[in-house]
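Ready for a few warm-up exercises on a protein model? Have a look at the structure below, try each task yourself, and then read through the solution.

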Amino acid sequence: MSTEHSPDTSDVPAVGADSPFRQGHAHRDEAPQFVLPLVVRIEKTDPPARTDALETAARAVLVLLTDERAHGEGEWAEAVRDWQDARIRKVVRRARGAEWRKAGTLPGVTVRGDHSEVRVFPPVPLDGWPKELAKLQVSGTDLDDPEPAGAAGEGLPVLWLNPDLDMSAGKAMAQAGHAAQLAWWELTRAERAAWQDSGFRLAVRTAPRERWAELSGSGLPVVRDAGFTEIAPGSCTVVSDHPALRARL
C-alpha cells in the first residue's frame with residue numbers, strides 16, 4: 001500500500017541540523033514527485049509474520065538512507081534528494097517466486113528479518129516505475145502474527161502504531177518506514193551512527209489505547225497520513241519513540 005505524507009515543521013520540532021525536512025518547503029506539491037518502492041516477499045506456503053515484516057520494512061528505509069549510493073555523488077543521491085524534497089511517498093508491493101527473483105535483479109537492497117524479506121529500491125518518478133515493479137500487486141499484503149508480539153526489548157526504539165486505525169499490512173509497513181525516517185532525521189550524527197552500528201534494531205508495536213494520547217502528544221515524531229489510501233487525511237498513524245529523542249523531552 002502507499003503512504004503519502006508531506007512533513008510539516010510543526011510535526012518535526014527539533015530535527016538534526018542536516019535534515020532535509022528542516023526548511024519545510026512551502027510548495028512540496030509543486031516539486032517533481034517521487035516514490036520509494038518497497039517489495040515484500042510473500043510466498044503462498046510461507047508468508048512472513050506481520051510484525052516482523054513491519055520491522056523489516058522500517059529497517060529497509062534506514063538502510064536505503066545510509067547506503068553510500070544515496071549520498072554525495074552516489075548514483076542514487078539525486079533521486080533521494082528529490083524524493084525527500086517533495087512528498088515523502090512510499091509504496092509497498094508484494095512478490096513471490098519469479099517476480100521476487102526479477103525484482104532482485106534491479107538496483108536496490110534486500111533487508112531480511114527473522115522471517116521476512118523486503119527489498120527497497122531508489123526513489124522513482126510517480127509515472128516512471130520499472131516495468132518489473134509496476135506490474136506487482138499492491139493489494140494482498142494482509143499478514144498475520146502467528147502469536148502476539150512480546151514486549152519490546154529494553155532501550156529499543158519503538159514505532160508505536162495507532163491502536164484505533166485498521167491498516168493493511170502493506171499500509172502499516174509504509175507508515176512504519178516513514179516513522180523510522182522521521183526519527184532518523186531528528187537524531188544527531190552520533191546518535192545515527194550508534195543506531196546504524198546496532199543494525200538499526202527497532203520494534204514495531206501497537207500502542208495500548210490508554211497510552212496513545214500521551215504518546216502522540218509527547219513531542220516525539222508523529223506520522224500524519226495524507227489520506228490518499230485507507231485512512232482519513234491527517235490521521236496520526238505512528239509515533240517514533242527513540243530513546244535518544246525521549247531523553248530530550
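A nonpolar core is a set of buried Ala, Val, Leu, Ile, Met, Phe, Trp, Tyr and Cys residues joined through side-chain atoms within 4.5 Å. Keep in mind that this is a predicted model.

**Exercise 1: the overall picture**

Work out how many helices and strands the chain has, and what share of its residues count as buried.

Solution. Start with the secondary structure: you should get eight helices and ten strands. Next, go through the 249 residues of the chain, and 53% turn out to be buried. Finally, take the contacts with a separation of 6 or more: 79% of them link residues 24 or more positions apart.

**Exercise 2: the cores**

Find which residues touch the most other members of the largest nonpolar core, and which helix gives this core its largest share.

Solution. The largest core has 60 residues, and the ones touching the most other members are Leu38, Leu159, Met173 and Trp195. Now sort the core by element: helix α5 (residues 169–186) gives the largest share, with eleven residues. There is also a second, separate core of twelve residues, with Val35, Val91, Ala103 and Leu106 among them. To finish, zoom in on Leu159. Leaving out residues up to four places away in sequence, its contacts include Ala58, Ala176, Leu202 and Val238.

**Exercise 3: α1 against α5**

Describe how helix α1 and α5 pack: what is the angle, and how far apart are the axes?

Solution. Helix α1 covers residues 50–66, and its angle with α5 is about 40°, with the axes 8 Å apart. Angles from 35 to 65 degrees fall outside the parallel and perpendicular ranges, so α1 and α5 are oblique to each other. Their crossing is right-handed. Now look at who meets whom: the α1 side includes Leu54, Ala58 and Leu62, while the α5 side includes Met173, Ala176 and Trp184. Sorting the residues of this contact gives 14 nonpolar, three polar and one charged.

**Exercise 4: α5 against α6**

Do the same for α5 and helix α6: which angle do they make, and which residues form the contact?

Solution. Helix α6 spans residues 189–197, and α5 and α6 pack at about 135°, with their axes 8 Å apart. An angle counts as roughly antiparallel only over 145 degrees, so this pair is oblique too. From α5, the contact uses Ala180, Ala183, Trp184 and Trp185, and from α6 it uses Arg192, Trp195 and Gln196. By type, that makes five nonpolar, one polar and one charged.

Methods
Residues numbered from 1 in each chain as written. Predicted model: local features only at pLDDT ≥ 70, side-chain atom pairs only at ≥ 80, totals over all residues. Heavy atoms only, no water. Buried < 20%, exposed > 50% of the residue type's maximum accessible area, 1.4 Å probe, protein only. Helix = DSSP H or I, 4+ residues; strand = E, 2+ residues; numbered from the N terminus. Contact = heavy atoms within 4.5 Å. Axes fitted to C-alpha atoms, helices over the stretch in contact; angles between N-to-C directions. Parallel < 35°, antiparallel > 145°, perpendicular 65-115°, else oblique. Left-handed = near helix turned anticlockwise from the far one by under 90°. Nonpolar A, V, L, I, M, F, W, Y, C, P; charged D, E, K, R; others polar.
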